[in-house]
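Please examine the model shown below. The paragraphs after it lead through its strands, its core and a few individual residues.

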Amino acid sequence: GVAGDLLIVIEEEEDPQLKREGNNIVYDLYINFADAALGTSVEVPTIDGRVKIKIEPGIQSGKILRLKHKGVKDVNGYERGDQLIYVNVWTPKNLTPEEKSIMEKLRTSPNFTPNPGKGEKSFFERMREFF
């Protein structure tokens, strides 16, 4: 009803990071390189408040995580969309000499050579799955 729609509009204005696409809510999550490699837990905003999600070790930039039924209620009120979380791995623009030295050591480590496996989907393949 009208009250429900009003609530959503207010909520959307409160959190400019949440974008609506149809009944889905889209959120850009930025994590640092260490969290991407090691895995972590992060809090993300939803229209129902903040929720904690688990980031698996080795997550790739461009991965899309789906929170079921955390989107907007359908006009007919039966179905609810999902929240899609786009994972972005943040690359620092400025490094201290110490950070540079650590990165120089890691640069040549075999684990740091990009090695997309057979299971890695391209950005376009992932987009096709979701829309």
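In this predicted model, strands β3, residues 40–46, and β4, residues 49–55, run antiparallel to each other and are joined by seven bridges. The two strands form a hairpin, with two residues between them. Within this pairing, Val44 lies opposite Val51 of β4. As background, the strands of a sheet pair through hydrogen bonds of the backbone, in either a parallel or an antiparallel manner.

A further set of strands makes up an open sheet. Four strands take part, in the order β1-β2-β6-β5, and their pairing is mixed. The edges are occupied by β1 (18–21) and β5 (64–67); each has a single partner strand, and therefore one side of each lacks a neighbour in the sheet. From one strand to the next, the twist averages 30 degrees. At one edge of this sheet, β1 runs antiparallel to β2, which spans residues 24–32, and four bridges join the two. One of the residues involved is Arg20, whose bridge partner in β2 is Ile25.

Which residues touch the most other members of the largest nonpolar core? This core has 18 residues, and those with the most contacts to other members are Leu29, Ile31, Val44, Ile53, Ile55 and Ile85. At least two residues of the core come from each of β2, β3, β4, β5 and β6. The greatest contribution is that of β2, which gives four residues. Val44, already met opposite Val51 in the pairing with β4, thus reappears among the core residues that touch the most other members.

Attention now turns to the surface. Phe33, Leu95, Met103 and Phe112 make a nonpolar surface patch of about 310 Å². Of these residues, Phe112 is located in the loop between α3 (97–107) and α4 (123–130). Is Phe112 buried, partly exposed or exposed? Its relative accessibility is 34%, so Phe112 counts as partly exposed, since that class lies between the limits of 20% for buried and 50% for exposed.

A last point concerns backbone geometry. Most residues other than glycine have a negative phi. His69 is not a glycine, yet it has a positive phi of about 60 degrees. Where is His69 found? His69 belongs to the loop between β5 and β6 (83–90). With a relative accessibility of 47%, His69 also counts as partly exposed. The preceding strand, β5, is the one that stands at an edge of the open sheet, whereas β6 is placed between β2 and β5 in the strand order.

Conventions:
Residues numbered from 1 in each chain as written. Predicted model: local features only at pLDDT ≥ 70, side-chain atom pairs only at ≥ 80, totals over all residues. Heavy atoms only, no water. Pairing = 2+ DSSP bridges. Axes fitted to C-alpha atoms, helices over the stretch in contact; angles between N-to-C directions. Patch = residues over 30% accessible without salt bridge, like charges linked within 9 Å, V, L, I, M, F, W, Y side chains within 5 Å. Areas by Shrake-Rupley, 256 points an atom, 1.4 Å probe, with all protein chains shown as cover. Salt bridge = Lys/Arg side-chain N within 4 Å of Asp/Glu carboxyl O. Buried < 20%, exposed > 50% of the residue type's maximum accessible area, 1.4 Å probe, protein only. Core = buried A, V, L, I, M, F, W, Y, C linked by side-chain atoms within 4.5 Å.
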